[in-house]
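I opened this notebook to record what I looked up in the model, one topic at a time. Each entry gives the item consulted and the result.

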Amino acid sequence: RVVEFGEGWVAVPKSFAAFQESYASIKAAAEKAGRDIKSIQIMIGPSTVTSVNGFIEEMKRYQDLGYDSFFAPIPLWAADLNGALGMMEEFTQKVGM
């Protein structure tokens with residue numbers, strides 16, 4: 001459906017290997033449909049990450065493949081609002097925002 005109807009794909013892989021497998025399927029479908037895979041914007045939100053540091057390390061793996069659009073579910077990593085706000089502050093400092 002991504003190739004046929006979408007302009008983008010929000011990938012929430014259970015692992016880096018799972019992402020590569022899903023991406024290969026979408027790329028093959030795009031080629032079959034005559035569509036350039038680069039016309040599909042890809043946003044990645046690693047589902048197994050539970051901390052700011054873990055997310056940053058995982059981002060680097062995907063950046064090495066050329067991806068730069070990520071979804072960070074920071075509020076899900078914290079026990080409460082104050083924890084989420086603290087993690088958001090930590091994230092912005094560590095990634096230079």
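**Entry 1. Glu57 and Lys60.** I looked first at Glu57 and Lys60, which lie three residues apart in helix H3 and are therefore separated by about one helical turn. Their side chains meet in a salt bridge, with an N to O distance of 3.3 Å. I note that the model is a predicted one, and that the distance is computed from it. I then checked the accessibility of both partners. Glu57 has a relative accessible area of 47% and is partly exposed. Lys60 is also classed as partly exposed, at 42% relative accessibility.

**Entry 2. Arg61 and Glu58.** How far apart are the closest N and O atoms of Arg61 and Glu58? I found 3.7 Å, and the pair forms a salt bridge. The cut-off is 4 Å, so a pair at 3.7 Å qualifies. Arg61 and Glu58 are three residues apart in helix H3, which places about one helical turn between them. Arg61 is partly exposed at 39% relative accessibility. Is Glu58 buried or exposed? At 13% relative accessibility, Glu58 counts as buried, because the limit for that class is under 20%.

**Entry 3. Surroundings of Glu58.** I returned to Glu58, a residue of helix H3, which spans residues 52-63. Setting aside neighbours within four places in sequence, I listed its contacts as Phe16, Pro46 and Val49.

**Entry 4. Glu90 and Lys94.** I next consulted helix H5, which covers residues 81-95. Glu90 and Lys94 form a salt bridge there, their closest N and O atoms being 2.9 Å apart. The two are four residues apart in helix H5, so about one helical turn separates them. Glu90 is partly exposed, at 29% relative accessibility. Lys94 is partly exposed as well, at 42%. I recorded the total for the model as three salt bridges.

**Entry 5. Packing of H3 and H5.** I looked up how these two helices are arranged. Two packed helices are described by the angle between their axes and by the distance between those axes. For H3 and H5 the angle is about 35° and the axes are 10 Å apart. Which hand does the crossing of H3 and H5 have? It is right-handed. I then listed the residues that meet: Val52, Asn53, Phe55, Ile56 and Met59 on the H3 side, and Met87, Glu90, Phe91, Lys94 and Val95 on the H5 side. Glu90 and Lys94 thus appear in this list and also as salt-bridge partners.

**Entry 6. A nonpolar patch.** Which residues make the nonpolar surface patch of about 310 Å²? I found Leu81, Leu85 and Met88. Leu85 is located in helix H5 and counts as partly exposed, with 46% relative accessibility. A residue needs over 30% relative accessible area to enter a patch, so Leu85 at 46% meets that requirement.

**Entry 7. Lys14.** I turned last to the loop between strand S1 (8-11) and helix H2 (16-33), where Lys14 lies. Lys14 is exposed, with a relative accessible area of 68%. Beyond its neighbours within four places in sequence, Lys14 is in contact with Ser47 and Thr48. I also checked Lys14 against Pro46: the two are 32 residues apart in sequence, and their C-alpha atoms are 6.7 Å apart in space. Pro46 is one of the residues in contact with Glu58.

Methods:
Residues are numbered from 1 along each chain as its sequence is written. This is a predicted model: local features need pLDDT of at least 70, side-chain atom pairs count only at pLDDT 80 or more; totals for chains, interfaces and linings use all residues. Side-chain values use heavy atoms; hydrogens and water are left out. Patches are made of residues with over 30% relative accessible area and no salt bridge: like charges are joined within 9 Å, nonpolar side chains (Val, Leu, Ile, Met, Phe, Trp, Tyr) within 5 Å. Accessible areas come from the Shrake-Rupley method with a 1.4 Å probe; for residues, only the protein chains shown count as cover. Buried means under 20% relative accessible area, exposed over 50%, partly exposed in between (1.4 Å probe, protein chains only). Contact means heavy atoms within 4.5 Å. Axes are lines fitted to C-alpha atoms, for helices over the stretch in contact, and angles run from 0 to 180 degrees between N-to-C directions. A crossing is left-handed if the near helix is turned anticlockwise from the far one by less than a right angle, and right-handed if clockwise.
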